[in-house]
Amino acid sequence: MANYFCDLHSHTNLSDGNDTVEELIAAAVREGVKIFALTDHDVLPPKTFIVDGKEVDTVEYAKSQGVLLVPGV
């Protein structure tokens, strides 16, 4: 059984956080967080966002970076 660092309560700049979705995913990677829930206030997690001028699926992008992103409310 593996143990992972998890963050089950995170906010982006879509509510009261300071980071974009992309920055938050990068921070998770940098800090070794393998699973996190995106739980902004009063807004659903974005299904997509823009990376290098391209629209990407939020969950799939996180997965490509080695992170399981759980959309939350």
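Reader: What makes β2 and β5 count as a pair of strands?

Author: Two strands need at least two bridges between them. In this predicted model, β2 (residues 33-38) and β5 have four bridges, running in the parallel sense, so they qualify as a pair. One place to look is Ala-37, whose bridge partner in β5 is Val-70.

Reader: Which strands make up the open sheet, and in what order?

Author: There are three of them, in the order β1-β2-β5, with parallel pairing. From one strand to the next, the twist averages 15°.

Reader: Why are β1 and β5 called edge strands?

Author: Each of them, β1 (5-10) and β5 (68-71), pairs on one side only. As for what lies across the sheet, helix α1 (residues 21-31) crosses β1, β2 and β5, and runs at about 150° to β2.

Reader: What makes β3 and β4 a pair?

Author: Same reasoning: the definition asks for at least two bridges, and β3 (residues 48-51) and β4 (residues 54-57) are joined by four, so they pair. These strands run antiparallel, and Thr-48 has Asp-57 in β4 as its bridge partner. The hairpin they form has two residues between the strands.

Reader: What stands out about the phi of Asp-52, and is Asp-52 buried or exposed?

Author: Phi of Asp-52 is positive, about 50°, although the residue is not a glycine. Asp-52 sits in the loop between β3 and β4. Exposed means over 50% relative accessible area, and Asp-52 has 78%, so exposed is the right word.

Reader: And how about Asp-42: buried or exposed?

Author: Relative accessibility here is 84%, over the 50% cut-off, so Asp-42 counts as exposed. Asp-42 belongs to the loop between β2 and β3 and has a positive phi too, near 60°, without being a glycine.

Reader: Why is Val-70 called partly exposed?

Author: Buried stops at 20% and exposed starts over 50%. Val-70 has a relative accessible area of 35%, which falls in between, so it is partly exposed. Val-70 lies in strand β5 and, leaving out residues up to four places away in sequence, touches Ile-35, Phe-36, Ala-37 and Leu-38. Its C-alpha atom is separated by 17 Å from that of Asn-3, 67 residues apart along the chain.

Reader: How do you know that Thr-58 is buried?

Author: The cut-off is under 20%, and Thr-58 comes in at 1% relative accessible area, so it counts as buried. Thr-58 is part of helix α2 (residues 58-64). Its contacts beyond four places in sequence are Val-21, Ile-25, Pro-46, Lys-47, Thr-48, Phe-49 and Leu-69.

Reader: Which backbone atoms lie 2.8 Å and 3.5 Å from a polar atom of the side chain of Thr-58?

Author: At 2.8 Å it's the backbone oxygen of Pro-46, and at 3.5 Å the backbone nitrogen of Thr-48.

Reader: What makes Thr-12 count as buried?

Author: Thr-12 has 0% relative accessibility, under the 20% limit, so it counts as buried. You'll find Thr-12 in the loop between β1 and α1. Leaving aside neighbours within four places in sequence, its contacts include Gly-17, Asp-19, Thr-20, Leu-38 and Asp-40.

Reader: Why is the pair of Phe-49 and Tyr-61 called edge-to-face?

Author: Two values decide it. Ring centres must lie within 6.5 Å, and here they are 5.4 Å apart, so the rings pair. Planes over 60 degrees apart count as edge-to-face; these are at 90°, so the label fits. A search of the whole structure finds one aromatic pair, linking Phe-49 in strand β3 with Tyr-61 in helix α2, 12 residues apart. Both residues are buried.

Reader: Which residues have the most contacts inside the largest nonpolar core?

Author: Ile-25, Phe-36, Leu-38, Phe-49 and Leu-69, in a core of 13 residues. The elements giving two or more residues are α1, β2, β3 and α2, and α1 gives the most, with four. In soluble globular proteins, nonpolar side chains tend to be buried together.

Reader: Which residues does Phe-36 touch?

Author: Not counting residues up to four places away in sequence, the list includes Asp-7, Ser-10, Leu-24, Ile-25, Ala-28 and Leu-69.

Terms used:
Residues are numbered from 1 along each chain as its sequence is written. This is a predicted model: local features need pLDDT of at least 70, side-chain atom pairs count only at pLDDT 80 or more; totals for chains, interfaces and linings use all residues. Side-chain values use heavy atoms; hydrogens and water are left out. Axes are lines fitted to C-alpha atoms, for helices over the stretch in contact, and angles run from 0 to 180 degrees between N-to-C directions. Contact means heavy atoms within 4.5 Å. Buried means under 20% relative accessible area, exposed over 50%, partly exposed in between (1.4 Å probe, protein chains only). A polar contact is a pair of N or O atoms within 3.5 Å; within protein, one must be able to donate a hydrogen and the other to accept it, and residues adjacent in sequence count only if both atoms are side-chain atoms. A nonpolar core is a set of buried Ala, Val, Leu, Ile, Met, Phe, Trp, Tyr and Cys residues joined through side-chain atoms within 4.5 Å. Rings of Phe, Tyr and Trp (its six-membered ring) pair if their centres lie within 6.5 Å; planes under 30 degrees apart count as stacked, over 60 as edge-to-face and the rest as tilted.
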